[in-house]
Amino acid sequence: MKRSPPPDEDDSRLFREAIGSVRPLATPSQAAPSRPRPQPEPLQFIRDEAAVGRELLDHPFDPAAIEVGEELVWLQNGQSPRLLRRLRRGQFSVRAEIDLHQMTAAVARVAIAQFIDECRRENALCVRIVHGKGLRSKPEGPVLKKLTDQLLRRRADVLAFASARASEGGTGAVLVLLRPL
């Protein structure tokens, strides 16, 4: 590298006049580090991500905790809340079932009415209606699920209904308690 010649005496004098009086620093400044600093490493994030796999294997898994959709629950006025509690716990034997998948709303409406009437005649008082979760429904939501909810609430022979437990269809099915004939 080629060094430049020392400044001329006039240049030095002009420089000192331009900056005025100065005083030396008390401590010398620190030298720049010899190596560049390493990139920061998110150690806690890495530990947390590694722990997720272990926690999923160690903790009990409840499929009902990740159930999709709203739960249907209804109890007719004047009925004991204990009845609904027992229904939700699965303490009644399901005697009959109907699956509404692939039905239109009009067909499902008739099918539900006929199914309930037939179940009451045969004394099957706890039944399951599988309406589906409506995962392929339009933005309006699950059509058959809403239809089932509305129809069951209007019937005087329905004492209570609740979404099934996860092992029996979850929020894609409803358990219904019927009034005996």
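Here are a few questions and answers about this predicted model.

Reader: What pattern do the helices and strands follow along the sequence?
Author: Start with the tally: the protein has 5 helices and 5 strands. Reading along the sequence, the order is α-α-β-α-β-α-β-α-β-β.

Reader: Is the protein more spread out than a compact globule, or not spread out, and what is its radius of gyration?
Author: For 181 residues, the globule rule gives 16 Å. The protein is well over that, so it is more spread out than a compact globule. Its C-alpha atoms fill a box of roughly 120 × 35 × 35 Å along the principal axes. The radius of gyration is 38 Å.

Reader: Which two residues make up the aromatic pair, and why is the pair called stacked?
Author: There's 1 aromatic pair in the structure. Its ring centres sit 5.5 Å apart, and the planes are at 25 degrees. Planes under 30 degrees apart count as stacked, so this pair is stacked, and its members are Trp74 and Phe161.

Reader: How many residues apart in sequence are the parts that this pair ties together?
Author: Trp74 belongs to strand 1 (residues 73-75). Phe161 belongs to strand 4 (residues 158-163). The pair therefore ties together parts whose separation in sequence is 87 residues.

Reader: Is Phe161 buried or exposed, and what is its relative accessibility?
Author: Buried means under 20% relative accessible area. Trp74 is buried at 15%. Phe161 counts as buried too, with a relative accessibility of 0%.

Reader: How far apart are the mean positions of the positive and negative charges?
Author: The protein carries 29 positive and 23 negative charges. Take the mean position of each set, and the two are apart by 8 Å.

Technical notes. Residues numbered from 1 in each chain as written. Predicted model: local features only at pLDDT ≥ 70, side-chain atom pairs only at ≥ 80, totals over all residues. Heavy atoms only, no water. Helix = DSSP H or I, 4+ residues; strand = E, 2+ residues; numbered from the N terminus. Rg over C-alpha atoms; globule rule 2.2 N^0.38 Å. Lys, Arg positive; Asp, Glu negative; His and termini not counted. Charge placed at Lys NZ, Arg CZ, Asp CG, Glu CD. Phe/Tyr/Trp six-rings, centres within 6.5 Å; stacked < 30°, edge-to-face > 60°. Buried < 20%, exposed > 50% of the residue type's maximum accessible area, 1.4 Å probe, protein only.
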